Structure formats: C-alpha cells, structure tokens
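Open the model in your viewer and keep the sequence panel beside it. This tour goes from one selection to the next.

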Amino acid sequence: MDQDVPPDWQVFIQPGGLDDAAENIDNLPGGREYYERLARSNGDDWVKRYVHAQYGADPSGSAVFKESFKHAFHVVDEVTPVNGYPLIIGQDFGRNPCSIITQLDHRGRLLVLEEVLADDIGLELHIQRNLRPRLSQERYLGRSVVIVGDPAGKQRSTSYEETSFDLLKREGFMCYPAPTNNIDARLRAVESFLLAQRDGGPAMLFDKNRCPQTVMGMNGGYRFAKTRTGQLRPVPDKNEYSHIADALQYAASAAGNGMSGMISARIHGRRREPKPKVSSLAWT
C-alpha cells in the first residue's frame, strides 16, 4: 500500500516468524515449529502477512477495486475545485450518514474533493454539525451545490412523514435520488471513471489529505467478504469503509449518468428566473 508516513511518526518492522532474527520464539508452544505449522496449513497471502510479517493482500476477502484503483495514479496531495461547475455531494443515509464532496470538471474528470464522515448521528445533525460547516470553507464558498443520495431516502420512516430528501430540501439543498441503488451498477459507475483517462491522466482524482478514509477503502479496506466455505460474497462487506464508499458510488452514478448536465441546467435556470414584476398599484 503506497501511503506516506506522517513526519512525527516512526515505523518499526518486526521480523517474520521464520526469520533468523525472529522475536519471542522461546515463548511460543513448539518454538519456531509454531510458525512452520502455520506456513504449511495456510494460503500464500495469509502466510505472507501473518508468518513473514510482510505487506500483502488481506486474505479475509478481495478488495472491491483491486484491479482498477491505483494509488500512485489516482491519488494526489491536493485536488482543487474548478470554477463554473457545481459540487455534487454523494450522500449515504442511515445512522452513519456520510457525505463525499465531488465535482465533474470541464475535462470530464470526477474530482473527489473531500469526505465528511458521521458516526451514529441522524441526518439533520450531520448536515448542521458536519456538512454545512465544511461547505463554508473558502474553497467552496459561492459554488452551487447539489446532493445526490441513496434512492431509499425517498421512503418515509414509521415515525415521521418527512423523508430524507424532504429534510435536505428543508435545510436548503437541491437534492435528487441517485439513478439506481443496484450495487453492480453503482460499482460500475465508479470503475468507469477509474479505468478511463483524460489527456493521459486519471479520470478520477482523490485528494489524499481530505479523503483519508475513502482512500483507505479504495486501497482494500472496502472489500468483498468471504463465506465460511471461502467463497466471495456477491456484495461488499458492511464495515467502516462501506458508508463513504456508498456515498462515492451515488456521486459517480450521477456524474456518469448524465445527471450533471440536468443539474447544471436546473441551477442555471434558477439563476435566470426573472424577478416578479410589482404593479405600481402595490405602492398606492
């Protein structure tokens, strides 16, 4: 995994269990044979990580974007929003209503600008405490914003008549459901950007410093789990990376489905709406 180490950190690499410099061998049942048995009874990926103490693929499952996401190609130190194009915020609902701020630029690149995480709070508090303050940063001021969320957000809860999209509108946001909630279509929407290029560069750019959880998920944290029989499940595992990954999929689905053109037309249409004429009789 290609990640920079913070300047105030130090990294210590422990020797593997079969290395000459292996530690604590005398404290293990059977000594070095303990690791030899593990090496004989597990797969190569497992042995690489847990016997030889080396970086390798997580044997518990397969990374969702293993073949399409390349850290060195898709991740940069900073992604700057461009002028004249709306911000498209992918929104996952539920008790961890994570948001991801993206933008489809003039070159057709999907810029993944910033993640806005939430943990065990409702959507309204997330909007007020997390998302709105983030959008108040200088880099986003004056830019048009639209939220594209999980289509399931159109459903009313059993306790309130208001849907998630009603709440977003009440908070002053233009919002739409994503084109689909089909997981295969959503993953393809992300992969279509990952596998494409624009002028020889990536068609999808991630801001390393503002999207750390998203990047970790793309690097393998977001993955297909395995069943007890060793088969990969058909849908990604629900873990600490899945909520922001879902939000990214909604944004990519909108950007790649032509919704961005409709969104821009709606935004510009709003701006050009004439002010209502006031009759002179109103002053008398």
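## First stop: two aspartates in loops

Select Asp199. Its relative accessibility is 70%, so Asp199 counts as exposed, the cut-off being over 50%. Note before going further that this is a predicted model. Asp199 sits in the loop between strand S8 (197–198) and strand S9 (201–202). Look at its backbone. Phi of Asp199 is near 55 degrees, a positive value in a residue other than glycine.

Now select Asp120. This residue is in the loop between S5 and H4. Here too phi is positive in a residue other than glycine: Asp120 has a value near 55 degrees. Is Asp120 buried or exposed? Asp120 is exposed, with a relative accessible area of 52%.

## Second stop: strand S5 and its partners

Select residues 110–116. This is strand S5. How many of its seven residues are buried? The count is seven of seven, and the strand is mostly covered.

Add strand S4 (99–104) to the selection. S4 and S5 pair in the antiparallel sense, over six bridges. To see one position in this pairing, pick Gln103, which stands opposite Leu111 in S5. Then follow the chain through the turn. The hairpin of S4 and S5 has five residues between the strands. One residue to click there is Gly108, which takes a positive phi near 80 degrees.

Next, show strand S10 (204–207). In which sense do S5 and S10 pair? They pair in the parallel sense, over three bridges. Click Val112 and look across to S10: its bridge partner there is Phe206.

## Third stop: salt bridges after S10

Follow the chain out of S10. Opposite charges are the theme of this stop. Side chains of opposite charge can pair when their charged atoms come close. The model has 13 salt bridges in total.

Select Lys208 and Asp77. Their side chains meet in a salt bridge, 3.0 Å from N to O. Why does this pair tie together separate parts of the chain? Lys208 lies in the loop between strand S10 and helix H7 (212–221), and Asp77 lies in the loop between strand S2 (75–76) and S3, so the bridge joins parts that are 131 residues apart in sequence. Lys208 itself is partly exposed, at 21% relative accessibility.

Move to Arg210 and Glu78. The side chains of these two also meet in a salt bridge, at 3.7 Å from N to O. Glu78 is in the loop between S2 and S3, while Arg210 is in the loop between S10 and H7. The two are 132 residues apart, and the pair links distant parts of the chain. Arg210 is partly exposed, with a relative accessible area of 26%.

Add Asp207 to the view. Glu78, Asp207 and Arg210 are linked in a network of salt bridges.

## Fourth stop: helices H4 and H5

Select Arg170 and Glu124. They form a salt bridge, with the closest N and O atoms 3.1 Å apart. Arg170 belongs to helix H5 and Glu124 to helix H4 (residues 123–135). The pair links distant parts of the chain, 46 residues apart. Both ends are partly exposed: Arg170 has a relative accessible area of 45%, and Glu124 has 30%.

Step on to Glu171. This residue lies in the loop between H5 and strand S7 (174–177). Glu171 is buried, with a relative accessible area of 15%. Which residues is Glu171 in contact with, leaving aside its neighbours within four places in sequence? They are Glu124, Ile127, Gln128 and Arg132.

## Last stop: an aromatic pair

Show the aromatic side chains. The model has three aromatic pairs. Select one of them, Phe93 and Phe165: the pair is edge-to-face, at 5.5 Å centre to centre and with 85 degrees between the planes. Where do these two rings sit in the chain? Phe93 is in the loop between strand S3 (87–91) and strand S4, and Phe165 is in helix H5 (residues 164–170). The two are 72 residues apart, and the pair links distant parts of the chain.

Turn on the surface to finish. Phe93 is buried, with a relative accessible area of 10%. Phe165 is buried as well, at 5% relative accessibility.

Notes: Residues are numbered from 1 along each chain as its sequence is written. Side-chain values use heavy atoms; hydrogens and water are left out. Rings of Phe, Tyr and Trp (its six-membered ring) pair if their centres lie within 6.5 Å; planes under 30 degrees apart count as stacked, over 60 as edge-to-face and the rest as tilted. Helices (H or I, at least four residues) and strands (E, at least two) are DSSP runs, numbered from the N terminus. Buried means under 20% relative accessible area, exposed over 50%, partly exposed in between (1.4 Å probe, protein chains only). A salt bridge is a side-chain nitrogen of Lys or Arg within 4 Å of a carboxyl oxygen of Asp or Glu. Two strands pair if DSSP finds at least two bridges between them. Contact means heavy atoms within 4.5 Å.
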